[in-house]
Amino acid sequence: MEPLCPNFDLLKSSSVPLFSHRLSSINRGISKRSSASFPCVSSYNRNCNHQASVKTEAPPQQQPNGHDLIKSLTKGFVGFAAAATALASVCSDSPAFAESLTVAFPVSRAQEVNTVQRTLVEAWGLIRETFVDPTFNHQDWDLKLQQTMVEMFPLKSADAAYGKIRGMLSTLGDPFTRIISPKLLVALKDIWIALSILLEYQSFRIGSDGNLQGVGLFITVEPKTGHLVVLSCVEGSPAARAGIHDGDELIEINGQRLDGVDSEAAAQRLRGQAGTSVTVKLHRGNGSGSGSSIKEVKLPRELIRLSPISSTVIPHRTPDGRLTKTGYVKLSTFSQTAATEMKNTIHEMENLGVQSYILDLRNNPGGLVKVGLDVAKIWLDGNETLVNTVDRDGHMSPINMANGHALTHDPLVVLVNEGSASASEILAGALHDNGRAILVGHKTFGKGKIQSITELHDGSALFVTVAKYLSPALHDIDQVGITPDVQCTTEMLNSPKETLKGKSSVSSLEADSCIMVAEHELDIQESKGTAS
């Protein structure tokens, strides 16, 4: 494509007032003005210092009439889309990416909408240059800009205008490519809080540093009754000190009934700033009324340190009658301390004479991908590929170990389900594809995206998926998931209790059908004389 002249006056014949929007690209990479910094993922991101600069020039204002305005606007967008296409040409073809392009567009009478018009063009350009799918979900991305600007022009409020941008982004078929308006960012106080909210499939019940502010309750929905029940209390937490027990049914939080409320929504109500309090009402009993009671307690919220690892040793009798020890390790999230705590747990279990392992990643929504890779290294030797990244141009970059040494070579089964996402899937894929583990459970969620986060000129935040992960065997993770080797059905709670160490929870684990299947697979591995 030949270089285009740097300035376009698109609507000369129109009486519509224009703004010109200048975009310049220093280099092709993750775009940022004041952005969260993410590491370059592959050769596609040659460096991460892309600058998007915006200049506006307001020509003399003329007041058009309604129908003529829309008619003129629609005609003019033919040129507008062509100029928009030229932006991509300039940015992509220039080795230095230093040329700039001015795009003119009709001025909305509402100043706040006009600001969002410029944001629309800026967001469109960034996606045009970096979005992982170069077909933009099999649509004409230039035409989509034209359509969105036409829809935005008559609007009166910024909120409505941002709604049009969100609508445009939704057509990409990627729920993680999205925009957060400045109004929402201000309400959230901090762009990093916005980040944690947008990473919805990571749930973030436990922060990336392993801490939370709350009362120390793990809750879930009991599948047979639909009631919210207590899975466990963090040792020493306000909930534990108040005498709340596993199996207690949660009825009310601050006087509000919890009928139809899911576990995450209830957990949000329990969390809050340390130093505040929350009142909960619980029911304890066997459901028949005999020995049942209602208890209401006021709990102070505190900063609670949570371990991402919980573990126990399961005694297991093999088919030939021998009694062996299986180390059960549940990894609930990939926080900063997870890899270190995993190493410590494995060392402890090796000292206890454990002969096989079950690593439970069920309902682990992910977290820090680097930590997931560090956990994989604990179980693997050599220079194995842990995961691959692939960008919009198909350029693949493997992430490999360097002279790794596993802490144990004992047989390993990894449990996964539809709640295993992101870093959980990367870890499961690394262990499975390198022949280290058998996967048991259900197909995983399917989130393997790499994103850039950019603060735009108006203070809004644009999240763009720029690449994706493939497993070592080149299986697509994103929107596909990982299928386990062996399926299982769970006839109890979806996930075993998360506080296991030192507790009498072995019987509940042995009743978990997925644990039973895992133990059977370990028996098969041992009979074959393999350490998988």
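The exercises below, each with a worked solution, concern a predicted model of a protein chain.

Residues are numbered from 1 along each chain as its sequence is written, and side-chain values use heavy atoms, with hydrogens and water left out. Because the model is predicted, local features need pLDDT of at least 70 and side-chain atom pairs count only at pLDDT 80 or more, whereas totals for chains, interfaces and linings use all residues.

**Exercise 1. The whole chain**

Task: Find how many helices and strands the protein chain has, and what percentage of its residues is buried.

Solution: Begin with the secondary structure, which comes to 13 helices and 22 strands; here helices (H or I, at least four residues) and strands (E, at least two) are DSSP runs, numbered from the N terminus. Next, take the 532 residues of the chain, of which 53% are buried, where buried means under 20% relative accessible area, exposed over 50%, and partly exposed in between (1.4 Å probe, protein chains only). Finally, among the contacts with a separation of 6 or more, 72% are between residues 24 or more positions apart, a contact being heavy atoms within 4.5 Å.

**Exercise 2. The order of a sheet**

Task: State the order of the six strands in the open sheet that contains S15, and name its edge strands.

Solution: The order is S13-S14-S15-S18-S19-S22, and the pairing is mixed; two strands pair if DSSP finds at least two bridges between them. The edge strands are S13 (309-317) and S22 (486-487), each of which pairs on one side only.

**Exercise 3. Strand S15 and its neighbours**

Task: Explain why strand S15 is described as largely enclosed, and describe how S15 pairs with S14 and with S18.

Solution: First, five of the five residues of S15 (residues 356-360) are buried, so this strand is largely enclosed by the rest of the structure. In a regular strand the side chains alternate between the two faces of the sheet. In S15, Ser356, Ile358 and Asp360 lie on one side and Tyr357 and Leu359 on the other, and all are buried, which leaves both faces covered.

Second, S15 pairs with S14 (residues 323-331) in the parallel sense over five bridges, and tyrosine 328 stands opposite isoleucine 358 in S15. Between these strands the chain passes through helix H9 (residues 338-351) in a right-handed β-α-β crossover, that is, with the strands pointing away from the viewer, the path from the first strand over the helix to the second runs clockwise.

Third, S15 and S18 (residues 412-416) run parallel and are joined by four bridges, with leucine 359 opposite valine 414 in S18. One step further, S18 pairs in the parallel sense with S19 (residues 438-441) over four bridges, where valine 413 has isoleucine 438 as its bridge partner.

**Exercise 4. Helix H2**

Task: Determine how many residues of helix H2 are buried, and find the polar contact that the side chain of asparagine 114 makes.

Solution: H2 (residues 111-130) has 20 residues and reaches 29 Å from its first C-alpha to its last, close to the 28 Å expected at 1.5 Å a residue; the expected span is 1.5 Å times one less than the number of residues. Of these 20 residues, 16 are buried, and the helix is thus mostly covered. Asparagine 114 lies in H2 and counts as buried because its relative accessibility is 0%. Its side chain makes a polar contact with the side chain of glutamine 117 at 3.1 Å, a polar contact being a pair of N or O atoms within 3.5 Å; within protein, one must be able to donate a hydrogen and the other to accept it, and residues adjacent in sequence count only if both atoms are side-chain atoms.
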